[in-house]
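User: Please take a close look at one part of this structure, beginning with a single pairing between strands and working outward to the side chains packed around it. I would like one connected account that I can follow in the viewer.

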Amino acid sequence: MKTVKSLLLGTAAGFVAIAGAQAADLPGKAAPAEYVRICDTYGAGFFFIPGTDTCLRIGGFVRVDYGVNTTPGSRSNGSTAVPGQQVLGTSYFDSLYGTSVRLTLNVDARSNTEYGLLRAFGQFSAYRGQYGGAFSSQGLVNSGVHQSPRASAINVERAFIQFAGFTFGFSASFFNFYQGDVQLSGNFAATARSTTVLAYTASFGSGFSATVSLEDSMYRRYSNSDTWLDGTVGVNTVGLARPLSGVYGMTYGPQKLPDIVANLRVDQAWGSAQIMGALHQLTDYGYNAAVVTTATGLNFGGPTNAAGDKFGWAVGAGLRLNLDMLARGDVLWLQAVYADGALDYAFGTANQGGDRGTISGAGNLAGVNALNSNLRDAVVANNLGGVPVVGNASIQTTKAWSVAAGFRHFWTPALRSSIFGAYSDINQPAAGVGLSDIKYWNVGVNTIWSPVRNLDLGLEVVYHNINARTQAGGVPAITGGGVARGQEGAWVGTFRVQRNF
């Protein structure tokens, strides 16, 4: 018996020794794994960045558009340069069919601080399709002569920080309200302008707020643009020259002050309403009586005088009504804007920075062989309406107003339709030479089906119409053959497939 007991005790002691030796060989205690945790403070899709108190959401969409249009560029221009045939335009936009794809990604990082919400938001798009350096608000793009009909572009759409009521960075203008929200394509009169802002928003409770914003004025300019000269017009031998100001339009001088934008807004269960205003500084680059004039009427040379600075301005009001009593998600948008010397607040043709000078065609930004109408915020002229002279030169402004509306109705939770339209009236200075008064309108409908969550299949048809008259009441001419035609229209159809995430 003693022998058996000794064996059992010896065996147990051996196991203890072995276990102790193995334990001595093990590394230190492993740290707990960091798992991604859901952050429900700011809504669906947010999660905590491991090891931080910052909540992050990543989103975006992939979009494919197939477009057809009756562009004016597909019409004959009446030219007799080639006997026996009509000559069409030379732009890639003369095509009646085009495609584009777009990938948009955004990140939204938020955290709470003792001063309130700290937020950083960024969004960019990679675009491939018809491209000519400027995207139109219609979503159509002019390729232009010598430019690629299928090019790629990377566009930073948002990059801003919000903290303690302040907004810093590239964001939507605080003048914006209705931005074509129910449309697949954009709207000239419902501009979705983006710009660099330094803004403060005060919240008063019950959905009421007020914002004052300093915004980069370069995104709001209509003026004479720098022009490439090929050296074949006499002494015009420079590559890229800046036209002088005059009755054909004002050329902007240095940016001195940002635009000052303010709004008063209310957001409640019934919808939203906003009144907004803006001040926009007009600075004259300068004029000179001894100038070099090209065949297009633009003058070049060194400015010796300049008209005094002037402020343009704009006011607007918008209303958004939630019509859930009709169907959940139904909404009606209404907006009206008046501008004096700040045309882009009432009528915007492209979301780009820098000076731009024309609207061309009814449904596209810059079509060859279409009705081209120069747009200017102002001209520089004397009080008698002629060219500026020393001691009698002033900035005379363009006046414009626009209205826009959109209505969206859900037939079922997966099927919705919208109807929308806009009208713009632009009156350029009477002293202006080559500047037409313009009336532009559009109306459109679309239907979008979402067979599964986050997938949209949409079809939209829009009719655009533009009417222009010279200051003398005459009919302007289209480019190319010079055929007089002061009015034209274009149908634009878009089929869109979009996957949101």
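Analyst: A good place to start is Val-337, whose bridge partner in strand E21 is Ser-402; please bear in mind throughout that this is a predicted model. That partnership belongs to a longer pairing, since E16 and E21 run antiparallel and are joined by 10 bridges. E16 also pairs with strand E15 (residues 310-322), again in the antiparallel sense and again over 10 bridges, and here Ala-314 stands opposite Ala-339 in E16. As background for reading these pairings, side chains in a regular strand alternate between the two faces of the sheet.

Both Val-337 and Ala-314 reappear when one asks what surrounds Phe-175. Leaving aside neighbours within four places in sequence, Phe-175 is in contact with Ala-314, Val-315, Gly-316 and Val-337, and also with Glu-215, Arg-220, Val-261, Gln-274, Met-276, Gly-277, Ala-278 and Tyr-345. The last of these contacts, Tyr-345, deserves a closer look.

A search of the whole structure gives 15 aromatic pairs. One of them is formed by Phe-175 and Tyr-345, whose rings meet edge-to-face, with 4.8 Å from centre to centre and 65 degrees between the planes. This pair links distant parts of the chain, 170 residues apart: Phe-175 lies in the loop between strand E6 (166-172) and strand E7 (194-205), whereas Tyr-345 lies in the loop between strand E16 (331-340) and strand E17 (358-360). Phe-175 has a relative accessibility of 3% and therefore counts as buried, and Tyr-345, at 2%, counts as buried too.

A second aromatic pair can be set beside this one, formed by Trp-401 and Tyr-423, which is tilted, with 5.4 Å between the ring centres and 40 degrees between the planes. Because Trp-401 lies in strand E21 (residues 399-412) and Tyr-423 in strand E22 (residues 415-427), the pair ties together parts that are 22 residues apart in sequence. Trp-401 is partly exposed, with a relative accessible area of 36%, and Tyr-423 is likewise partly exposed, at 25%.

Returning to Tyr-345, its ring has a charged companion, for Arg-220 lies over the face of Tyr-345 at 3.8 Å from the ring centre. Arg-220 is also among the contacts of Phe-175. A further arrangement of this kind is found where Arg-242 lies over the face of Tyr-285, at 5.4 Å from the ring centre. Arg-242 is placed in the loop between strand E10 (240-241) and E11, and it is partly exposed, with a relative accessible area of 29%.

E11 brings us back to the contacts of Phe-175, which include Val-261. Strand E8 (residues 208-215) pairs with strand E11 (residues 259-268) in the antiparallel sense over 8 bridges, and within this pairing Ser-213 stands opposite Val-261. On to the next pairing of E11: strand E12 (residues 271-282) runs antiparallel to it and is joined to it by 9 bridges, with Asp-267 standing opposite Ser-272 in E12. A hairpin connects E11 to E12 through 2 residues.

How do these aromatic side chains fit into the nonpolar interior? As a general matter, nonpolar side chains tend to be buried together in soluble globular proteins. In this model, the largest nonpolar core has 35 residues, and those with the most contacts inside it are Phe-175, Tyr-178, Leu-343, Tyr-345, Phe-347, Leu-375 and Ile-426. The elements that contribute two or more residues to this core are E7, E12, E16, E21, E22, strand E23 (437-449) and strand E24 (455-469). The largest share, 4 residues, comes from E16, the strand with which this account began. Apart from this core lies another, of 8 residues, among them Met-250, Tyr-252, Leu-282 and Ala-307.

Key
Residues numbered from 1 in each chain as written. Predicted model: local features only at pLDDT ≥ 70, side-chain atom pairs only at ≥ 80, totals over all residues. Heavy atoms only, no water. Pairing = 2+ DSSP bridges. Phe/Tyr/Trp six-rings, centres within 6.5 Å; stacked < 30°, edge-to-face > 60°. Buried < 20%, exposed > 50% of the residue type's maximum accessible area, 1.4 Å probe, protein only. Lys NZ or Arg CZ within 6 Å of the ring centre and 35° of its normal. Core = buried A, V, L, I, M, F, W, Y, C linked by side-chain atoms within 4.5 Å. Contact = heavy atoms within 4.5 Å.
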